Amino acid sequence: MIPYVALSALLFVIGATTVLLRRNVIIVLLGIELMLNAANLAFVTFARLHGDVTGQVIAFFTMVVAAAEVVVGLAIVVAIFRSRRSVSVDGENAMRH
Amino acid sequence: MLSIPWLTLLIVWPCVAALSLWLIPALRHQGRQTAIAWSLVELVLAIGTTVAWCSDTGNVRLAFRADWIPQFGVSYAVGLTGTGLVMVLLSTVLVPIVLLAAWNEQKTPRRSTHYAALVLALEAFMVAVFCARDVFFFYVLFEAMLIPVYFLIGSFGGEGRKKAALKFLIYSLVGGLVMLAGVIGLWSQARVRASLFADSALVGLGSTRVFSLDWLTAGGVAVIPTMNPTPERLIFLSFFIAFAIKAPLFPLHTWLPDAAHAARPGTSVLLVGVLDKVGTFGMMALCLELFPGAARWAAPVIIPFAVVSVLWGGIMAIAEKDILRMIAYTSISHFGFIVLGIFAFTSTAHIGASFYMVNHGLSTGALFLAAGFLIQRRGTGEIDAMGPGLQRTVPVLAGTFLAVGLSAIALPGFSTFISEFNVIAGSFATRPWEAGIAALGVVLAALYILLAYQKIFTGPPREDLAGTRDLSGRERWVIGPLIAAMLALGFFPAPALNALRPDAVATVEHIQGPAGSWEGSGQ
Amino acid sequence: MGVTPESLMGLVIVLPLASAALLLLAGRAADRWGHLLGVFAPAASLLVALVGLVSVLGRDAADRVIDVHLFDWIDTGGFSLAAGLRVDPLSLSFVALVTFVGTLIHVYSVAYMAKDPDRRRFFAYLNLFVAAMLLLVLADSYLLLFVGWEGVGLASYLLIGFWNDRPDYALAAKKAFIANRIGDVGLILAMAFMLKQTGGLTFAEVLGKAPDLSESWALGIGLALLLAACGKSAQFPLQSWLGDAMAGPTPVSALIHAATMVTAGVYLIVRSGPLYAATEGARLAVAIVGAITLLFGAIVGSAKDDMKKVLAASTMSQIGYMMLAAGLGPIGAAFAILHLLTHGFFKAGLFLGAGSVMHAMNDGVNIRRMGGLAGVMKVTWATFMMGWLAILGIPPFAGFWSKDKIIETAFIGEGWQPWVLGTIALLGAGITAFYMSRLFFSVFHGKARWDADLHPHESSRLMTWPMAVLALGSVCLGWVLALVGFTTWLEPSIGHAEEAAPVLAAPIITAATLLLVVAGAAAAWRLFAVREVAVLPPAAGPVVRAVRADFHQDSVNDLVLVKPGQALATGVALTDTYAVDGAVRGVGWLTIGVGRVVRLAHNGNVRSYAAIMTVGVMVLVAIVFAGGL
């Protein structure tokens, strides 16, 4: 089981690093997806480990939520791109105003 | 007796009325008329309630209870004490008057409708709070009342309204939070108490009703007597501070002048006339009922604050240049009298204080309305800028202002006199020095009212004001009933006193008697 | 007990009250007939009062005190009180005075105020006053008395300020109300004392238990009542409002500020006789206040050039006599009430005469600009002379029968007290003779000093008739009342007093009084009738200047009350704004400051938020693990 957990951790770190270091919103979204899937992997692994399906069920939920999130997120990105001609997250202090 | 749930009707109807104004487009264009009609329906309901109340028996009448959040012992419990009944009547009488007074104040029908709907929403909360017999329910309503008032001040007021509304909100929220701590403390104490009765039938009752006032104060098994004094005192203080902010007591009063100055006079009528009374009502219904020992412990400290309020408010009213702020300060002085009466623990003082609450609502309400008429005509609230010599131009308004002002200074013949005298004379029995000093407020009162009257109405009439309109028929109908009510209650106060007396006598016995004393319980 | 004439006495109050309400509410519509209704109301009250008087006279002396229950008023659980009337010789004497003189003055006012556009309002206020005054004297409890007490104060305020378009008149009205209000605190406190000590507020309860009161409580109540009486009756040290109160129309001065309202303080003291019987100290205080005021008023009256202010000072001084007498116990009290009645007649007459003179002089009141009016105003002169002789106390005029008795009573007692009080009363009589003669001679005798374009004329019949009736009273009332045994008639109300001998023989006192009176009048004759009166007040030394300024009473009040009061108000206002509200705003600023600092972390950069979050999660996880291990 250790390799699965290690892979999950690795994927999560890659995703987190992507979110923290990249400026392009689309790449950031990809990073978030990566983290979600890392979590999924961990859920499935532990479900298997304990012989309990709850973890697998949660993984399905996460996938559904992730899909919805991507749809909404990309739509927002498109809207932002239309108004600002850029998809950089550092554009001024976006959260402040 | 359960055929008509009077109190629930009384609480629900104004909510429905307010929602109907917001939601039904057809009513929106005739918002003012509809609102007055709806508020008159509420008044009729209140009268029906009174009739039903009179034929019921006991201290808390027309009671009704249903579980709300049984896990926490919270229930929807309503019931009317005599004091509550009188306050409900005051609220339901003042609302149509305020709506009528605000007839032309807003520029568009949309805004008038919005204003009227907010007033009706406020009415629902006010009525409910006076009926509430569950501490948690009371607390929720106590906080909920802030919402309509915040908008009434913040979006309909005059100059500086945003700031004043915010100040009001912050003060009230701070009070509310302190009270919340008390509510939680009470809950934990009440749970302990309930578990002490594990072997009796009270468990089932106690676990689901720990917030019910009737359970908390039920004779013999009252929660507090066995309580350790320290938590009792802390909880008492948390409630008292919240109420002292609401009823403004020195030194927690500075929000009131700002709010009264910025709000529409009609809003101020409800704010000072009824809403602030929730503070003094809470002192009577919660502080004294639940924590008699702590109340006796705190009275020697509270009463000096009340006396300072009386004098401080009076002196500030004399020094004040704006008429609305002046009236607000007079109210602070009057609230000082009410608190003095509540914590003097004699039935005369107590009944004086509760009757004072009604009379102050009528008298200050009328004073705010008269000031509103003046400001409407003169375009300013500056006392020095409004006059002089208006008496020759608008004699009816001058006479009205004087009559209302004299009621505010408790001139005999007006009901305000009976309550003020009872407070002073009743407090004198237990606290002679404080009562004697508070009596000086009588002179201050004469000064502030007559000074304002002198500056505005006497003196040579000004040529440029010759065209000022006197009171219109509508305006006379707004203020006339208030004056008539004060005169009628001044000579025949018996109906009001009869409703208030059982509460006063019971409360004072509750506090003075050994049953309510934690020292006496041997704890 | 059925309907007896006494139980109808409530009507006496209700009639003028209803009339006042009607006149005020009807507004301009009532302008044409308002004064007629205004006159009718007190006249009707007078009739009812006479019926009551006759009925009470028909009873035995023992049951001449009748308490009439009207309705249950207040029940607090602590005490309960019914509104009721006490019909007895004392209240009936007052009711008769108020309704009789009141009716005459109403009639007079119809002509006096004929040219005033607000005559209806004037009558409404006068009616209100009559109703309140009657309530004051008929009430059977201190609390109901207080309703009337404040009611007359209100009416007085409204009437002093009737011409309030003049700022100084408005100020005078306010001053009167405030001074009264200070006294009212005394009455409120007295009632609080009574409630605590006797558990009730009716005369029957309080006065019945008065003998059981401890000395200190009786003293406290007595002094508190004295404070109230000082406010209402313009006694030292609350005397300063009365002079200014002359701003009101002259009929008002006659009715309220001479004949009736200002004597309410005397009524209060006399009514509370059993209370004062329990406390030597309070009685002495009453007598001393009376003595001080009677001298104060007399001296001030000697220096005033304003006709109405001389009369006001004289009123103050005469009420001082009554207070002095009231402080001497039951025997003095009877003479206080007797003097009150005679004074009510002759002082009202004098004021009405003054009003008539003012009409003639185009509202001028300066006696240095009058003189020689005896020739042009025969009726006014004659009636004024009756009043003048009465107040001087020349036998057989009314004042002699009452004032001489008071002076005599002042000499009764032991130790220093009779000598001091008696001498003051005696001296006061001499000074009274001087200033009243000065007034009389300056106005009616000597050379005419008025402006040539004035054409003085006698007033109309509506004005002269009431003056004539009052003059008749000034002549006859004294010996009539003495003849019918007025002091015996009062006994059911104020108790019986044993005769006591004064420290000097009565004839000596009477002779000394008359001697001083004649001397005073003669001095005035030389100075103001024989010698030319200067049109401008002559230069004078500091003493006379002080007297002309009422012993600087206003400056003293200013210094002791007004200035510190203003300073206090300013101080409180500053504290309220900067300390109390400042503390609140300080908390607000503190919050904002903390917010500013914390805000630095919120720079709006999305990635730094994410970084903080990540680090935060790592820290939390680390803590959980550390805790778990």
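Of the two pairs of chains in contact in this predicted model, chains B and C share the most contacts, a contact being a pair of residues whose C-beta atoms, placed from the backbone, lie within 7 Å. The interface joins 46 residues of chain B to 39 residues of chain C. On the side of chain B that touches chain C, at least two residues each come from helix 15 (292–319), helix 17 (347–378), helix 19 (390–393), helix 21 (415–430), helix 22 (432–438), helix 23 (441–457) and helix 25 (494–512); helices here are DSSP runs of H or I with at least four residues, strands are runs of E with at least two, and both are numbered from the N terminus. Helix 21 of chain B gives the most to this side, with eight residues. Chains A and B, by contrast, are joined by no contact, and their closest C-alpha atoms are 22 Å apart.

Residues are numbered from 1 along each chain as its sequence is written, and chains are lettered from A and ligands numbered from 1 in the order in which they are written. Because the model is predicted, local features need pLDDT of at least 70 and side-chain atom pairs count only at pLDDT 80 or more, whereas totals for chains, interfaces and linings use all residues.

Chain B contains 25 helices and two strands. Its C-alpha atoms fill a box of roughly 85 × 60 × 40 Å along the principal axes. The radius of gyration of chain B is 22 Å, in agreement with the value near 24 Å for a compact globule of 523 residues; the radius is taken over C-alpha atoms, and the globule rule is 2.2 Å times the number of residues to the power 0.38. Of the 523 residues of chain B, 63% are buried, a class that requires 20 or more other C-beta atoms within 10 Å of the residue's own, with 12 or fewer defining exposed and values in between partly exposed, C-beta atoms being placed from the backbone. Among the contacts of chain B between residues at least 6 apart in sequence, 81% join residues at least 24 apart.

Chain A comprises three helices and zero strands, in the order α-α-α from the N terminus. Its radius of gyration is 16 Å, well over the 13 Å given by the globule rule for 97 residues, so chain A is more spread out than a compact globule. The C-alpha trace of chain A spans about 50 × 25 × 20 Å along its principal axes. Buried residues account for 13% of the 97 residues in chain A. Of the contacts in chain A with a separation of 6 or more, 46% involve residues 24 or more positions apart.

In chain C, strand 1 (residues 66–75) and strand 2 pair in the antiparallel sense over eight bridges, where pairing requires at least two bridges found by DSSP. Within this pairing, C:D67 stands opposite C:R86 in strand 2. The hairpin has four residues between the strands, and C:G77 takes a positive phi near 90°. Six of the eight residues of strand 2 (residues 80–87) of chain C are buried, so this strand is largely enclosed by the rest of the structure.

Helix 2 (residues 34–57) and helix 4 (residues 119–138) of chain C pack at an angle of about 15°, with their axes 8 Å apart; axes are lines fitted to C-alpha atoms, for helices over the stretch in contact, and angles run from 0 to 180 degrees between N-to-C directions. Helix 2 of chain C is therefore roughly parallel to helix 4 of chain C. Helix 4 and helix 5 (residues 142–160) of chain C pack at about 155°, with axes 7 Å apart, and are therefore roughly antiparallel to each other. Angles under 35 degrees count as roughly parallel, over 145 as roughly antiparallel, 65 to 115 as roughly perpendicular and the rest as oblique.

Two cis peptide bonds are noted here. One runs from B:F250 to B:P251, with omega near 0°, and B:P251 is in the loop between helix 11 (229–246) and helix 12 (255–262) of chain B. Another joins C:F236 and C:P237, with omega about 5°. C:P237 lies in the loop between helix 8 (215–233) and helix 9 (241–244) of chain C, as does C:A234, a residue other than glycine with a positive phi near 55°. C:A234 is buried, with 30 other C-beta atoms within 10 Å.
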